Amino acid sequence: MVTNLVGHAQRLYDQLYCARGEMENRIKEQQLGLFSDRTSCHYWWPNQFRLLLSSCAYVLMEALRRLGLQSTELARAQVGTIRLKLLKIGAVITRNTRRVRIWFSSAFPLKDLFKFCLAYFYG
């Protein structure tokens with residue numbers, strides 16, 4: 001790494017260079033995993049609204065990763081992996097006046113991880 005910044009080389013690399021690369025990875029993750037680059041409408045407002053929804057989805061996914069998936073196998077997973085393994089699943093949802101039930105397939109491999117996330121957010 002060549003720079004004109006003053007400081008210890010290892011500290012500059014760890015705190016500045018790696019942080020910049022991590023930031024660029026998060027931007028790429030939002031563009032590819034949450035489709036924020038799809039601004040195909042001809043008008044500005046629909047594109048702005050689509051970008052706003054994508055940004056809100058990223059904030060929710062980051063909270064899920066940081067809080068609900070901490071110390072699990074998906075704690076450092078990308079948004080696309082979390083979406084594929086935890087959110088794009090087949091389930092039957094039943095609702096009555098007092099509760100909502102989610103009936104998973106008995107073959108769903110991450111059922112316990114999904115329960116762990118729900119328990120974290122709903123107590």
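Q: How many salt bridges does a search of the whole structure find?
A: This is a predicted model, in which local features need pLDDT of at least 70, side-chain atom pairs count only at pLDDT 80 or more, and totals for chains, interfaces and linings use all residues. Residues are numbered from 1 along each chain as its sequence is written, and side-chain values use heavy atoms, with hydrogens and water left out. A salt bridge is a side-chain nitrogen of Lys or Arg within 4 Å of a carboxyl oxygen of Asp or Glu. The search of the whole structure gives five.

Q: Which residue forms a salt bridge with Glu22?
A: Glu22 lies in helix α1 (residues 9-33), and its partner sits in that helix too, four residues apart, about one turn. Helices are DSSP runs (H or I, at least four residues), numbered from the N terminus, as are strands (E, at least two). With the closest N and O atoms 2.0 Å apart, the partner is Arg26.

Q: At what angle do the axes of α2 and α3 cross?
A: Axes are lines fitted to C-alpha atoms, for helices over the stretch in contact, and angles run from 0 to 180 degrees between N-to-C directions. The axes of α2 (residues 44-68) and α3 (residues 79-87) come within 11 Å and cross at roughly 75°.

Q: Which residues of α3 make the contact with α2?
A: Contact means heavy atoms within 4.5 Å. From α2 come Tyr58, Met61, Leu64 and Arg65; from α3 come Val79, Ile82, Arg83 and Leu87.
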